[in-house]
Each structure stands twice: as C-alpha cells, then as structure tokens.
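Morning, everyone. I have one model to walk through today. Please pull it up with me.

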Amino acid sequence: LKRRHDMKCIEQLKDHYVVCGFGRMGSFICREFERRGVPFVVVEQKVEVQEHIRDAGFLLSPGDATREEVLCGAGIDHAKGLVSVLESDAANLYTVLTGRQLNPALDITARAGERSAQTKLKLVGADRVINPYVLGGMRLVVGVLKPDVLSFLDAVVDYKEQEIELEQVRVSKGSALCNKNLADTGMLDDQRYI
C-alpha cells in the first residue's frame with residue numbers, strides 16, 4: 001500500500017531531486033532537503049534501509065539505482081537533479097551514466113571515494129563531483145591553520161543556528177550589476193540586503 005502511494009506521489013512530482021543511496025551521506029542530504037522544503041525521492045536497494053526511509057516519511061523508489069527502470073520509477077525524466085552517493089565509485093559511475101542518458105538536462109552531483117573516479121564521473125556526465133575525504137581533510141587543515149576562517153564557514157553552512165545563509169544569484173548579461181564589485185553596486189547601503 002505504501003509503495004503504491006509513493007509511486008502515485010512520485011508521478012506527480014516535477015523538478016525534484018533523485019537521491020541515490022541512503023547511507024550516512026544520503027540520509028544527511030535527505031534530512032537537509034526536507035528541512036529546506038526541497039522535493040526529493042530516495043532510491044535504495046537494501047530492504048532493511050528501505051524501512052528507515054519509509055519510517056522517516058520520505059518517498060522511496062526501491063531498487064538498484066544503476067538500473068534504468070528504477071531511476072524511471074523515481075521520476076528521473078521530470079527531475080531537476082540527481083545526487084549519487086552510493087557505496088562504490090563504480091555504482092556511482094554507472095548511475096551517473098544512466099541518469100545522464102535518461103535525462104540530458106539533469107543537474108548531477110556525485111560522490112567519489114577515489115581521486116581517479118572524479119575524472120571518470122565528470123566524463124560520463126556529472127556536473128560536479130565531491131570527494132568527502134578530500135573535503136574533510138581540507139576542513140581539518142583549515143581548522144588547524146586558520147581556525148577563525150573555519151568558524152566563519154561553519155556559521156555560514158549551519159544557517160539554522162545563525163539565521164544566515166549564502167545564496168547564489170544569477171546576474172543577466174545586460175544588468176547594471178555586470179562587471180562591478182559588490183561594494184560598487186550600492187547594495188551594501190540598501191537596508192533590504194543587510
């Protein structure tokens with residue numbers, strides 16, 4: 001009954017994210033997406049993990065994320081993005097390749113465990129590749145050498161504590177803001193932006 005309900009809800013989604021893998025990273029990503037109101041579907045193969053996904057109230061497309069029919073069941077053809085955080089680089093590689101084939105417009109982020117996998121993941125269609133070991137190592141180095149910088153970065157990333165968040169804004173080509181430093185735009189004097 002729950003699976004039929006999930007399938008009906010997934011069919012109605014548009015511009016959602018497909019999160020492949022519900023390990024430590026996948027579960028963290030899903031909790032953050034939920035907290036930020038970002039629509040998503042989880043793809044997970046392990047039956048015992050699927051129960052945790054259902055208990056959390058997340059939409060589930062059960063099965064192997066490297067298989068076309070499972071990604072199609074997650075609504076990949078009308079999704080905005082794919083996040084592949086499976087346990088092996090090979091599985092992430094195949095999932096990215098399959099996702100890109102099924103939806104060329106998809107925004108794809110993938111996890112890489114080995115440095116050599118980063119290049120391959122980009123070659124098969126990942127828009128960005130994150131290596132958590134390199135990222136974690138860099139944070140440790142910054143924490144040791146520049147602790148105040150790390151404190152600032154932590155405050156920005158953990159926006160729920162500080163009620164601030166960095167945003168990405170696209171400036172159109174013809175805009176008066178093009179080729180100007182932030183200080184020269186007048187935005188710093190405008191109370192709406194402070």
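Which residue in strand 6 is the bridge partner of alanine 110? It is valine 129. Keep in mind that this is a predicted model.

Now the strands around that pair. Strand 5 covers residues 107-111, and three bridges join it to strand 6. These two strands run parallel.

Step back to the whole sheet. Six strands form it, and the sheet is open. The order is 3-2-1-4-5-6, with parallel pairing. In general, strands of a sheet pair through backbone hydrogen bonds, either parallel or antiparallel. At the edges sit strand 3, residues 60-62, and strand 6, residues 128-130. Each of those pairs on one side only. How are neighbours turned against each other in this sheet? By 20° on average, direction ignored.

Next, helix 2. What does helix 2 lie across? Four strands: strand 1 (17-20), strand 2, strand 4 (81-84) and strand 5. Against strand 1, helix 2 runs at about 155°.

Helix 2 also takes us to a pocket. This is the second largest pocket, with a volume of about 520 Å³. It has 22 lining residues. Closest to the centre are Gly21, Gly23, Val85, Leu86 and Glu87. Which elements supply at least two residues each to the lining? Helix 2 (24-36), strand 2 (40-44) and helix 7 (132-145) do. So what is the lining like by class? Ten residues are nonpolar, six are polar and six are charged.

To recap: helix 2 lies across strand 2, and both supply residues to the lining of the second largest pocket. That's it from me.

Key:
Residues are numbered from 1 along each chain as its sequence is written. This is a predicted model: local features need pLDDT of at least 70, side-chain atom pairs count only at pLDDT 80 or more; totals for chains, interfaces and linings use all residues. Side-chain values use heavy atoms; hydrogens and water are left out. On a 1 Å grid over the protein atoms alone, a cavity is a set of points where a 1.4 Å probe fits but cannot get out, and a pocket is an open set with protein on both sides within 12 Å along at least five of seven lines; lining residues have an atom within 4 Å of a point. Grid points are joined across faces, edges and corners, and a volume is the space filled by probe spheres set on the points. Ala, Val, Leu, Ile, Met, Phe, Trp, Tyr, Cys and Pro count as nonpolar, Asp, Glu, Lys and Arg as charged, and the others, Gly among them, as polar. Two strands pair if DSSP finds at least two bridges between them. Axes are lines fitted to C-alpha atoms, for helices over the stretch in contact, and angles run from 0 to 180 degrees between N-to-C directions. Contact means heavy atoms within 4.5 Å.
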